[in-house]
Amino acid sequence: EEDMYRDAEEIEREKLLLYETSSSEGKLSVAPEMDILEYCRREWRGNTPVAKRMRKGYEAVAQKFASIRRIRGDNYCALRATLFQALSQATQLPSWLQSEDFTMLPENLLSKYDWMKQWQLKHTLSRQMGEISDEIKEYLILLREKWKNISEIKSPTEKQEACDRLFRNEEEEYSLYEALKFLMLNTAIELYNDGKDGRRVPVFSWLLFARDTSGNPCQLMRNHLNHIGHSGGLEQVEMFLLAYALQYTIQVYRLYKYSTGEFITHYPNDPEEGWPVVTLITEDDRHYNIPVRMCQETTL
């Protein structure tokens with residue numbers, strides 16, 4: 001798989017880890033959990049300044065979480081890590097997923113914006129406008145169905161098993177990422193229109209549309225969202241967009257920022273009250289893994 005973010009050595013390390021942990025299960029999107037300090041010792045054995053900083057960072061994370069699960073290293077990893085964490089701790093269906101208009105979003109947007117015919121679905125060529133609408137609608141329905149089913153499971157063990165099964169099903173898994181990307185575009189359109197109309201928007205929205213490559217939602221779609229999972233992953237400002245689309249706070253341990261004020265970063269940094277929190281780990285702001293088995297309450 002093409003990966004524009006990590007070097008060959010890191011990709012080979014991941015392939016070895018995934019093979020060793022589950023050679024019999026084929027492709028795994030989320031590897032089995034591993035003791036977080038053991039994982040750190042395995043990955044960062046040297047005495048370079050970078051290795052020492054990474055070890056310190058992992059030691060700090062280990063004060064809160066006992067284990068880590070490695071996320072498959074393609075360009076969907078930010079979406080994969082965030083969605084897996086959200087589903088694995090879901091206890092109810094979010095209000096935005098309950099809306100009667102939710103599954104009508106593709107039809108409504110495609111009727112307003114002709115440029116959305118350039119939306120790219122998975123690895124396929126462009127389809128006709130009506131076909132795009134129908135297919136995205138299927139993805140949104142699947143997202144609501146899976147979120148509802150998993151949130152209704154009471155046993156933590158059974159909930160994790162259900163998430164593991166879902167993220168072993170490539171067809172369903174990648175369909176969910178298409179749903180997330182579409183929700184990000186919908187959120188971007190809302191923010192862009194609010195900004196044009198003089199309504200208050202979060203700071204990241206100004207940054208999102210200040211880029212030369214995403215001056216409006218059409219450019220954002222063509223130059224960024226269409227490429228997520230194929231030739232690129234999520235940039236920092238798009239992590240904010242994902243958080244707003246899901247109405248979740250994404251808390252990230254940024255290990256290379258250890259001992260700075262940016263070691264723990266929140267997307268957004270001023271979340272709405274009541275938004276649930278998911279926690280990720282990154283060594284470089286490009287690839288994301290997930291910490292599991294919380295040792296104590298994590299607070300913002």
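This passage describes the overall make-up, the nonpolar cores and two helix contacts of a predicted model.

Residues are numbered from 1 along each chain as its sequence is written. In this predicted model, local features require pLDDT of at least 70 and side-chain atom pairs count only at pLDDT 80 or more, while totals for chains, interfaces and linings use all residues; side-chain values use heavy atoms, with hydrogens and water left out.

The chain contains 12 helices and 6 strands, taken as DSSP runs numbered from the N terminus (helices, H or I, at least four residues; strands, E, at least two). Of its 300 residues, 54% are buried, that is, under 20% relative accessible area with a 1.4 Å probe, protein chains only. The accessible surface amounts to about 14,500 Å², and carbon and sulfur atoms contribute 48% of that area (Shrake-Rupley method, 1.4 Å probe). Among contacts in the chain with a separation of 6 or more, 73% join residues 24 or more positions apart, contact meaning heavy atoms within 4.5 Å.

The largest nonpolar core comprises 76 residues, a core being a set of buried Ala, Val, Leu, Ile, Met, Phe, Trp, Tyr and Cys residues joined through side-chain atoms within 4.5 Å. The residues with the most contacts inside this core are L79, L83, W119, L143, W147 and I250. Helix 9 supplies its largest share, 12 residues. Apart from neighbours within four places in sequence, L83 touches L143, W147, F167, L176, Y177 and L180. A second, separate core of 16 residues includes I36, Y39, A51 and I281.

Helix 9 (residues 170-196) packs against helix 4 (residues 77-88) at an angle of about 100°, with the axes 10 Å apart. Axes are lines fitted to C-alpha atoms, for helices over the stretch in contact, and angles run from 0 to 180 degrees between N-to-C directions. Helix 4 is therefore roughly perpendicular to helix 9 (65 to 115 degrees). From helix 4, L79, R80 and L83 take part; from helix 9, E173, Y174, L176, Y177, L180, K181 and M184 do so. This contact has 7 nonpolar, no polar and 3 charged residues, where Ala, Val, Leu, Ile, Met, Phe, Trp, Tyr, Cys and Pro count as nonpolar, Asp, Glu, Lys and Arg as charged, and the others, Gly among them, as polar.

Helix 9 also meets helix 12 (residues 236-246), their axes coming within 9 Å and crossing at roughly 95°. These two helices are thus roughly perpendicular. L180, L183, M184, T187, A188 and L191 of helix 9 face E238, L241, L242, Y244, A245 and L246 of helix 12 in this contact, which has 10 nonpolar, 1 polar and 1 charged residues.

Definitions and conventions. Angles under 35 degrees count as roughly parallel, over 145 as roughly antiparallel, 65 to 115 as roughly perpendicular and the rest as oblique. Buried means under 20% relative accessible area, exposed over 50%, partly exposed in between (1.4 Å probe, protein chains only).
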